[in-house]
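I opened this notebook page to record what I looked up in the model, one topic at a time. The entries follow the order in which I went through them.

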Amino acid sequence: MATPAIRTLRRLEGLFCVYKPSGVHWKLVRDTVETNILKGLNAAPPQPLPRNICFQPQAGGRAEAPGGLTLRTASLPVLAKHPLVTGPEIQHMKVGVGHRLDVASSGVLVLSVGNGCKALSNLYSTQVTREYTVEGEFGTATADFSHTGRIVERSTYDHITQDKLDRVVAMLQGANQKALLMYSNVDMKSQEAYEMAARGLLGPEGKSPPILKGLRCIHFQPPNFTLEVQCLNDTQKYLRRIVHEIGLELRSTAMCKGVRRTRDGPFTLKDALTHQQWTASDVMQAVSQYHA
């Protein structure tokens with residue numbers, strides 16, 4: 001018969017997402033979630049200890065038994081099964097991680113518990129689209145394209161306008177649309193290709209380099225600007241390079257000030273659990289909502 005902790009663990013198996021803050025490694029996020037879930041599982045009331053029937057000498061009894069000893073039966077708990085001896089009932093569990101976020105990035109990080117790790121693998125084999133908001137700043141170039149990197153160049157940016165930025169963004173998106181068609185391995189003159197494109201289902205088959213599916217500027221206040229990006233097979237370094245390339249196309253320089261993932265497949269920011277919600281009860285609720 002399954003214990004309350006085991007029954008709760010089975011209800012936790014599935015997919016959910018958390019909000020990873022910037023400056024924190026994804027491994028620390030995963031380990032913290034795992035520790036909190038284990039604490040919640042082992043906080044359930046323990047099962048009653050099994051009992052054994054034992055024979056004990058009866059104090060003050062008459063010497064009627066052979067050897068002058070009177071015995072009595074007693075039901076005693078098996079202390080070898082006590083939690084203080086055996087330790088917590090559940091000591092290990094598997095928490096899987098979806099697409100990683102580097103230390104400097106923040107946003108949606110998909111996790112899985114138990115059998116949910118298989119569902120996580122199946123989810124990402126379908127080439128899911130991820131969305132980001134990327135903040136940039138004109139006038140400075142760094143060695144790693146981020147605002148914390150070593151500065152290698154400074155330049156003017158007064159000549160940059162919203163219209164010029166939009167044209168460069170449209171050019172980059174057009175180039176990536178061609179790459180998407182090339183890696184999709186579908187005859188572009190066929191009805192199948194038309195229907196897939198109309199439903200937004202075109203995607204690369206197998207492995208491919210990072211591809212932008214959508215790119216637009218949602219905020220422009222020089223020297224700062226913000227991009228909204230939809231992409232496949234991306235890395236955060238690739239997104240920072242995009243900011244750098246935009247600066248070069250505009251005859252200036254640019255560095256990335258922040259990367260935040262706002263969607264990963266079916267998971268969005270509104271689904272993400274904040275640090276205060278990394279508990280067994282909140283995770284269970286998030287898993288049930290996803291399966292619903």
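**Entry 1, second largest pocket.** I began with the second largest pocket, for which I noted a volume of about 240 Å³. The structure I was reading is a predicted model, and I kept that in mind for every entry below. The elements that give two or more residues to the lining of this pocket are β1 and α8, and α8 gives the most, with five residues. I counted 14 lining residues on record for the second largest pocket, and those nearest its centre are Lys270, Asp271, Leu273, Ala286 and Gln289. By class, the lining of the second largest pocket divides into eight nonpolar, three polar and three charged residues.

**Entry 2, largest pocket.** I then turned to the largest pocket, where about 360 Å³ of space lies. Its lining is made up of 19 residues, and Pro46, Gln47, Lys81, Pro83 and Glu89 are the ones nearest the centre. I looked up which elements contribute, and found that α1, α2 and α3 (83-86) each supply at least two residues of the lining of the largest pocket. Sorted by class, that lining holds eleven nonpolar, six polar and two charged residues.

**Entry 3, helix α1.** As α1 had come up in the lining of the largest pocket, I asked which residues of this helix, residues 4-12, are buried. They are Ala5, Leu9 and Leu12. Seen down the axis of α1, these buried residues fall within an arc of 55°, so they line one face of the helix. I noted the general background that an α-helix has 3.6 residues a turn, so residues three or four places apart point the same way. The face of α1 turned away from the buried side carries the exposed residues Arg10 and Arg11. What covers the buried residues of α1 includes β1 (14-20), α2 (26-42), β5 (106-113) and α8 (280-291). Just after α1, I found that Gly14 takes a positive phi of about 155°.

**Entry 4, Thr133.** I next looked up Thr133, which lies in strand β6, residues 130-138. Is Thr133 buried or exposed? Its relative accessible area is 18%, and because buried means under 20%, Thr133 counts as buried. Leaving aside residues up to four places away in sequence, Thr133 touches Ile218, Thr226, Leu227, Gly258, Val259, Arg260 and Thr262.

**Entry 5, cysteines.** How many disulfides does the structure hold? I found zero. I also checked accessibility for two cysteines: Cys54 counts as partly exposed at 28% relative accessibility, whereas Cys231 is buried, with a relative accessible area of 0%.

**Entry 6, backbone geometry in loops.** I closed with backbone angles. The peptide bond from Pro222 to Pro223 is cis, with omega near 5°, and Pro223 is found in the loop between β9 (211-221) and β10 (224-232). Phe145 has a phi near 70°, a positive value in a residue other than glycine; Phe145 lies in the loop between β7 (140-142) and β8 (151-154) and is buried, with a relative accessible area of 10%. Asn233 likewise has a positive phi, of about 55°, although it is not a glycine. I placed Asn233 in the loop between β10 and α7 (236-249), and noted that Asn233 is partly exposed, with a relative accessible area of 26%.

Notes
Residues are numbered from 1 along each chain as its sequence is written. This is a predicted model: local features need pLDDT of at least 70, side-chain atom pairs count only at pLDDT 80 or more; totals for chains, interfaces and linings use all residues. Side-chain values use heavy atoms; hydrogens and water are left out. Buried means under 20% relative accessible area, exposed over 50%, partly exposed in between (1.4 Å probe, protein chains only). Contact means heavy atoms within 4.5 Å. The arc is that of the directions from the helix axis to the C-beta atoms. On a 1 Å grid over the protein atoms alone, a cavity is a set of points where a 1.4 Å probe fits but cannot get out, and a pocket is an open set with protein on both sides within 12 Å along at least five of seven lines; lining residues have an atom within 4 Å of a point. Grid points are joined across faces, edges and corners, and a volume is the space filled by probe spheres set on the points. Ala, Val, Leu, Ile, Met, Phe, Trp, Tyr, Cys and Pro count as nonpolar, Asp, Glu, Lys and Arg as charged, and the others, Gly among them, as polar. A disulfide is a pair of cysteine sulfur atoms within 2.5 Å.
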